[in-house]
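Colleague: I'm new to this one, so could you walk me through a single part of it, the open sheet and what lies around it? A little background on the whole chain would help too.

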Amino acid sequence: VSVLGAMMLSAQTGLEPGGPLGQAFLIPRWNSREKCNEAQFQIGYKGLYELAMRTGKVAKIEVSEVREHDHFEARRGTNGGLDHRPDWFGDRGAIVGWYAFVRLTDGSEQFAVMNVAQAEAHRDAYAPKKRDGNVYGPWVDNFSEMAEKTVFIKAAKWVPKSKELTSA
């Protein structure tokens, strides 16, 4: 039943689970009440990108990591904006954060920024955990990619939404 429900959500959003596109996934989750695994539909960052672009109101989406030796400035207010200048050929250092930038077709811009501590706090609050309390899954195997997805979701709160993106 849970697999069928997850596939229905996939059909409603128009995103293909699994496969080379990586738009969505069927993730097994333990249901402690029913004492069994159930399938949960989960949208990947490529699926979120696809749904945002389908609105026709998004001109550009950029999600990137920021490293300690990069020049990075994020400003809010009337002169707000992002300035990220990595030294592509030098030692950029360790990752210190991530940002998501969205430019709409009307010229307006939105962005979100998240540092490593904020990403870790989000992981600790929302990632699946084993009975011993240890996090498992993509937050362990692909921390940076999950942080990129999270910061994109934060930026997407302020982006016009399609019916599919709202239900996602």
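Modeller: Happy to. Starting with the whole, the protein has six helices and seven strands; here helices (H or I, at least four residues) and strands (E, at least two) are DSSP runs, numbered from the N terminus. Keep in mind that this is a predicted model, where local features need pLDDT of at least 70 and side-chain atom pairs count only at pLDDT 80 or more, while totals for chains, interfaces and linings use all residues. Residues are numbered from 1 along each chain as its sequence is written, and side-chain values use heavy atoms, with hydrogens and water left out.

Read along the sequence, the pattern goes α-β-β-α-β-β-β-β-β-α-α-α-α. The C-alpha trace spans about 50 × 40 × 30 Å along its principal axes. Of the contacts with a separation of 6 or more, 53% are between residues 24 or more positions apart; contact means heavy atoms within 4.5 Å.

Now to your sheet. It's an open one of three strands, in the order E3-E6-E7, with antiparallel pairing. At its edges sit strand E3 (58–67) and strand E7 (109–115), each pairing on one side only. From one strand to the next, the twist averages 10°. Two strands count as paired if DSSP finds at least two bridges between them, and E3 and strand E6 (residues 95–104) have nine, in the antiparallel sense. To find that pairing by eye, look for Arg 67, which stands opposite Ile 95 in E6. As for what holds such strands side by side, strands of a sheet pair through backbone hydrogen bonds, either parallel or antiparallel.

Next, look at what lies on the sheet. Helix H3 (residues 116–126) lies across E6 and E7, and runs at about 85° to E7. That angle is taken between axes, which are lines fitted to C-alpha atoms (for helices over the stretch in contact), with angles running from 0 to 180 degrees between N-to-C directions.

There are charged pairs to look at as well. A salt bridge here is a side-chain nitrogen of Lys or Arg within 4 Å of a carboxyl oxygen of Asp or Glu, and by this rule the count comes to eight. One of them joins Lys 60 and Glu 62, with the closest N and O atoms 3.4 Å apart. Lys 60 is partly exposed at 34% relative accessibility, and Glu 62 is partly exposed too, at 29%. For those words, buried means under 20% relative accessible area, exposed over 50%, and partly exposed in between (1.4 Å probe, protein chains only). Another salt bridge links Asp 124 with Arg 123, where the closest N and O atoms are 2.8 Å apart; Asp 124 is partly exposed, with a relative accessible area of 41%.

For one more pair, go to helix H2 (residues 45–54), where Arg 54 and Glu 50 lie four residues apart, about one turn of the helix. Their side chains meet in a salt bridge (3.2 Å, N to O). Arg 54 is partly exposed at 34%, and Glu 50 counts as partly exposed at 29%. In general, side chains of opposite charge can pair when their charged atoms come close.

To step back out, buried residues make up 33% of the 168 residues in the protein.
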